[in-house]
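Student: I would like to go through the terms used for this model and see what each one rests on. Where should we begin?

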Amino acid sequence: METRDILEITSPSLADFRRHLRITSHDLDAELHAKLRAAILLAEHEISTVIALSVYVLSTKFVNHIGLRWPVRSVTSVKVDGELVREEDYTVTENALCITGDVSGSRMEVTYEAGLEQVPEDVQAAILLLAGSLFNNPTDRPEERDRTTARNLLRPYRTWGEHGE
């Protein structure tokens with residue numbers, strides 16, 4: 001089982017979204033933040049990759065070698081049967097975690113950060129289009145032309161068949 005907690009939405013930021021909508025006050029920040037988060041999740045679904053800096057916790061049976069689903073920025077901790085595994089007893093190569101040495105057990109928990117370090121400008125533009133459409137049409141589905149434009153902007157980043165999708 002894997003859980004996710006979004007730590008930070010840095011790009012596009014809430015300030016970027018306010019500018020995109022030409023809103024100067026902070027009165028609507030909570031609603032704007034919710035729409036921005038939803039748009040990021042839509043974009044992530046479209047390209048099958050994590051955009052927002054997030055913490056994942058993967059709990060599973062113990063194996064010495066495990067693939068992590070998302071682009072790993074860093075591994076925060078590895079625990080086997082509740083005991084912390086020392087950093088020198090595991091390696092991370094791309095999206096694979098390999099536990100070395102004499103470590104064994106029945107259950108493991110891996111906590112890691114994932115997300116794009118740099119969000120390309122066209123991905124940011126797609127997110128802003130989606131978020132703006134969600135904000136301007138709160139009771140209806142997003143405008144089809146905005147969705148089509150966003151999909152076209154995201155198309156080069158789409159990964160097919162990766163990450164268990």
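Tutor: With the elements: helices are DSSP runs of H or I of at least four residues, strands are E runs of at least two, and both are numbered from the N terminus. The model is a predicted one. By that rule the protein has four helices and eight strands, and their order from the N terminus is β-α-α-β-β-β-β-β-β-β-α-α.

Student: Why is S54 called buried?

Tutor: Buried means under 20% relative accessible area. S54 has a relative accessible area of 0%, so the residue is buried. S54 lies in strand β2, residues 53–61. Leaving aside neighbours within four places in sequence, S54 is in contact with R4, D5, I6, L7, Y112, E113 and A114.

Student: What makes the approach of the S54 side chain to the backbone oxygen of A52 a polar contact?

Tutor: The cut-off for a pair of N or O atoms is 3.5 Å. The side chain of S54 reaches the backbone oxygen of A52 at 2.9 Å, which is within that limit.

Student: Why is D27 called exposed?

Tutor: Exposed means over 50% relative accessible area. The value for D27 is 71%, so D27 is exposed. D27 lies in the loop between α1 and α2. From D27 to T111 the C-alpha distance is 36 Å, with their positions 84 residues apart in sequence.

Student: Which residues of α1 are buried, and how do you know that they line one face of the helix?

Tutor: In α1, residues 14–21, the buried ones are L14, F17, R18 and L21. Seen down the axis of α1, these buried residues fall within an arc of 100 degrees, so they line one face of the helix. An α-helix has 3.6 residues a turn, so residues three or four places apart point the same way.

Student: What covers the buried residues of α1, and what follows the helix?

Tutor: The cover includes α2 (29–47) and α3 (121–136). After α1 comes R22, whose phi is positive, near 60 degrees.

Student: What share of the whole protein counts as buried, and what share of the contacts joins residues at least 24 apart?

Tutor: Of the 165 residues, 43% count as buried. Taking contacts between residues at least 6 apart in sequence, 74% join residues at least 24 apart. The protein exposes about 9500 Å², of which carbon and sulfur atoms supply 48%.

Definitions and conventions. Residues are numbered from 1 along each chain as its sequence is written. This is a predicted model: local features need pLDDT of at least 70, side-chain atom pairs count only at pLDDT 80 or more; totals for chains, interfaces and linings use all residues. Side-chain values use heavy atoms; hydrogens and water are left out. Buried means under 20% relative accessible area, exposed over 50%, partly exposed in between (1.4 Å probe, protein chains only). Contact means heavy atoms within 4.5 Å. Accessible areas come from the Shrake-Rupley method with a 1.4 Å probe; for residues, only the protein chains shown count as cover. The arc is that of the directions from the helix axis to the C-beta atoms. A polar contact is a pair of N or O atoms within 3.5 Å; within protein, one must be able to donate a hydrogen and the other to accept it, and residues adjacent in sequence count only if both atoms are side-chain atoms.
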